[in-house]
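This report introduces the structure to a reader who has not met it before. Please keep the sequence and the model in view while reading.

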Amino acid sequence: MKAQQFKAIVSDANVLIDYVKTNKKVLHLAVKHLCEIHVPVPVLKEVKDISRSELERLGIIIFEPTVDQLVQAAQKPFGLSFEDQLCFLIAKENSWVCATNDKQLRVQCEVGSVDVIWGLDIMLRLNNQGFLESAEATKTAEKIAEINRYIGKEIIKQFIGKLI
């Protein structure tokens with residue numbers, strides 16, 4: 001049963017990469033218990049360690065953006081990368097949440113009235129709703145910190161402090 005808090009999430013590549021490299025199960029649990037997770041094809045191309053079919057088996061929805069979305073993202077109206085522009089535009093257009101660890105994309109989402117969550121927030125929500133044990137969330141977060149230079153010890157400490 002989904003404890004749906006969001007209509008859906010559109011994920012940036014950095015969140016996918018972290019979970020693909022550390023614990024793919026989190027993505028499956030998120031789709032099963034939180035909400036749909038969508039990834040535009042151009043963003044998927046940034047994720048090298050997993051195939052499209054494997055992501056689809058986890059329940060991730062891979063989709064082709066519209067021509068209008070591609071054209072608007074290519075114009076880079078917000079100074080973000082093409083892929084980040086695309087995530088922002090898709091989230092805004094569909095009233096979805098944007099999952100990203102990218103600070104510039106987060107700022108644009110906040111300015112553009114798009115709900116945004118950190119990648120670790122997915123595990124935190126799963127844990128708080130009883131779908132992910134704190135030990136597994138801690139281990140996964142620590143692995144993410146090892147591969148993602150932007151997620152340091154202080155972020156992990158704060159994350160662990162929020163687990164139940």
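Leucine L29 is part of helix α2, where helices (H or I, at least four residues) and strands (E, at least two) are DSSP runs, numbered from the N terminus. The model is a predicted one, in which local features need pLDDT of at least 70 and side-chain atom pairs count only at pLDDT 80 or more, while totals for chains, interfaces and linings use all residues. Residues are numbered from 1 along each chain as its sequence is written, and side-chain values use heavy atoms, with hydrogens and water left out.

**Two buried residues**

With a relative accessibility of 10%, L29 counts as buried; buried means under 20% relative accessible area, exposed over 50%, and partly exposed in between (1.4 Å probe, protein chains only). Apart from its neighbours within four places in sequence, L29 is in contact with L34, L126, F131 and L132, contact meaning heavy atoms within 4.5 Å. L29 and L126 are 97 residues apart along the chain, and their C-alpha atoms are separated by 7.5 Å.

Q85 belongs to helix α6. Its relative accessible area is 0%, so Q85 is buried. When neighbours within four places in sequence are left aside, Q85 is in contact with A73, K76, P77, F78, G79 and L80. Q75 is ten residues from Q85 in sequence and 9.0 Å from Q85 in space, C-alpha to C-alpha.

**Exposed loop residues**

The table lists four residues that lie in loops, with the relative accessible area of each.

| Residue | Loop | Relative accessible area |
|---|---|---|
| S95 | between α6 (82–94) and β4 (97–99) | 56%, exposed |
| S113 | between α7 (103–111) and β5 (116–117) | 67%, exposed |
| G130 | between α8 and α9 (134–147) | 60%, exposed |
| Y150 | between α9 and α10 | 60%, exposed |

S95 is not a glycine, yet its phi is positive, at about 60°. S113 is likewise a residue other than glycine with a positive phi, in this case near 60°.

For G130 and Y150, distances to other parts of the chain can be given. G130 and F82 are 48 residues apart in sequence and 36 Å apart in space, C-alpha to C-alpha. Y150 and V39 are 111 residues apart along the chain, with 22 Å between their C-alpha atoms.

**The pair α1 and α2**

How do α1 and α2 lie relative to each other? The axes of helix α1 (residues 13–22) and helix α2 (residues 24–33) come within 5 Å and cross at roughly 120°. The two helices are therefore oblique to each other. Axes are lines fitted to C-alpha atoms, for helices over the stretch in contact, and angles run from 0 to 180 degrees between N-to-C directions. Angles under 35 degrees count as roughly parallel, over 145 as roughly antiparallel, 65 to 115 as roughly perpendicular and the rest as oblique.

On the α1 side, the contact is made by L16, Y19, V20 and T22, and on the α2 side by K24, V26 and L27. By class, the residues of this contact are five nonpolar, one polar and one charged. Here Ala, Val, Leu, Ile, Met, Phe, Trp, Tyr, Cys and Pro count as nonpolar, Asp, Glu, Lys and Arg as charged, and the others, Gly among them, as polar.

**The largest pocket**

The volume of the largest pocket is about 650 Å³. A pocket is an open set of points on a 1 Å grid over the protein atoms alone, where a 1.4 Å probe fits, with protein on both sides within 12 Å along at least five of seven lines. Grid points are joined across faces, edges and corners, and a volume is the space filled by probe spheres set on the points.

Which residues lie nearest the centre of the largest pocket? They are N101, W118, N148, Y150 and I151, out of 26 residues that line the pocket; lining residues have an atom within 4 Å of a point. At least two lining residues come from each of α1, α8 (119–128) and α10 (153–162). Helix α1 gives the most to the lining, with five residues. The lining as a whole has ten nonpolar, six polar and ten charged residues.
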